[in-house]
Amino acid sequence: MKRSIPRLVLVLGLFVLGTAQLVPAQDSSSDPSKIDTSRVTGQTQPGPNVAAPAQESLPALVRRVKPSVVSVLTYDAKGEPLISGTGFFVRAGQVITNMHVIRGAHRVEIHTLDGKGRTYPVAGALATDEEADLALLSVDLPAERSRPLTFASTLPDEGEQIFVIGNPLRLEGSVSEGIVSAVREVPDLGRIIQITAPVSHGNSGSPLLNMRGQVIGIVTVKVTNGQNINLALGTARISSLAQGKLTSFDQIGAKSRSATQPELLAELWYRGGIDSLWLGNYDSALNYFETAANRNPRRPETWIQIGYCKVKQGRNDEAIRAYKRALQLRPTSADTYNKLGDAYYYGAHFNEAIDSYRQAARLRPDQPEAYYNLGLAYLEIGDRQSALAQSRLLDSIDPELNKKLLAEMQR
């Protein structure tokens, strides 16, 4: 949204950037194709994991939520252990974890944390999201042994208390607590939550929970540069993960191996750019993304990130060209039209910004951001009536965001 261009990192391996290291936190429904959206919006019937009163103590919260968390164990073709991570139930027989936890595995198991715990085989993945580092696993276990967690309907506030349950260093069911340091965003990925709760190897895939026992994110990465900076991906990306055909872990591995050498190299450069982006080093990030684009110019996400970096550098005309290149590759992307509108907006080309935001609203009429951006752009050209019209549309979709727009209109 306007007035704030946040940032995010998604790390699948170890990168060294300056004095900082980014390390994955891993160890040595109505529409059956998606995560249960009724849980995401909090519209669930009472059950074992329905949100409790805010005054519930942390020990009580942990006792209630812990049976929904699992340890994810991976093995190679010889049956030798690989790495371990964490996951949690989102539906009966379905566990979400990080993609990097299962990458390269021939066989995967989960170990539950209720009672003495039980080990169950994982049949395969129902969905994967390489960009967001997510994998939805299908687990062979009795339905009553699954205890899906409830998702929060809103993002947390900065300073809000949170806690994490996971399996750092194979110490199953470990609890850590802290606060939300910041909530940021990276184009084409989504929101990320920076937290002070300590995480270690094995916490990858742990649920990040608020003090009502609701999931607000999934732990993805820790940043170590002498400080305690740990990151979780917000739930919106999880809820949009489309369930598909069951895929074996060997098939997932074969798909990765089928990529061409230029594509693999481009991916490495792209990931390096994401790392730099999180650390706020836009010059470094841009170098990574431009190298990735040279090696694989057919990936629209790379051009989106190039545009984002150039906007942050104040090079709006160059950002416009990058976003247009992304739209040539993905012409129906509402998000990219929004970003193109941002580049026009920051370059004071308000009529062009309005045209781009209109395209975004046409492609995604349920997306509140486009109406908010349109309202601000109309204000810049002095068209208050059109801004009010966007406010009315926005109020029916996102009343809270509309309050923000109205506040801007009153200035």
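Which residue in β4 does V70 stand opposite? In this predicted model, the partner of V70 is G87 in β4. That pairing is a handy way into the strand that holds V70, and the rest of the protein can be laid out around it.

Strand β3 covers residues 69-75, and seven of its seven residues are buried, so the strand is largely enclosed by the rest of the structure. In a regular strand, side chains point to one face of the sheet and then to the other in alternation. For β3, one side carries V69, S71, L73 and Y75, while V70, V72 and T74 sit on the other, and both faces are covered.

β3 has strand partners to match. With β4 (residues 81-91), it pairs in the antiparallel sense over six bridges. The two strands make a hairpin, with five residues between them. In the turn of that hairpin, G79 has a positive phi of about 85°. Strand β6 (residues 107-112) also runs antiparallel to β3, and six bridges join the two. Here Y75 of β3 stands opposite R107 in β6.

Zooming out, the secondary structure of the protein comes to 14 helices and 14 strands. Of its 411 residues, 55% count as buried. About 17,600 Å² is exposed, and carbon and sulfur atoms supply 49% of that area.

What about the nonpolar interior? The largest nonpolar core has 47 residues, and the members touching the most others are L277, F289, I306, Y323, L340 and Y345. Helix α12 (residues 368-380) gives this core its largest share, namely seven residues. Another core lies apart from that one; it has 25 residues, including L61, I96, L134 and L241.

Loops can hold buried residues too, and N296 is a case in point: this residue counts as buried, yet its place is in the loop between α7 (282-295) and α8 (300-312). Why does N296 count as buried? Its relative accessibility is 18%, and the cut-off for a buried residue is under 20%. As for what N296 touches, leaving aside neighbours within four places in sequence, the residue is in contact with E263 and A266.

Note on methods
Residues numbered from 1 in each chain as written. Predicted model: local features only at pLDDT ≥ 70, side-chain atom pairs only at ≥ 80, totals over all residues. Heavy atoms only, no water. Core = buried A, V, L, I, M, F, W, Y, C linked by side-chain atoms within 4.5 Å. Buried < 20%, exposed > 50% of the residue type's maximum accessible area, 1.4 Å probe, protein only. Helix = DSSP H or I, 4+ residues; strand = E, 2+ residues; numbered from the N terminus. Contact = heavy atoms within 4.5 Å. Pairing = 2+ DSSP bridges. Areas by Shrake-Rupley, 256 points an atom, 1.4 Å probe, with all protein chains shown as cover.
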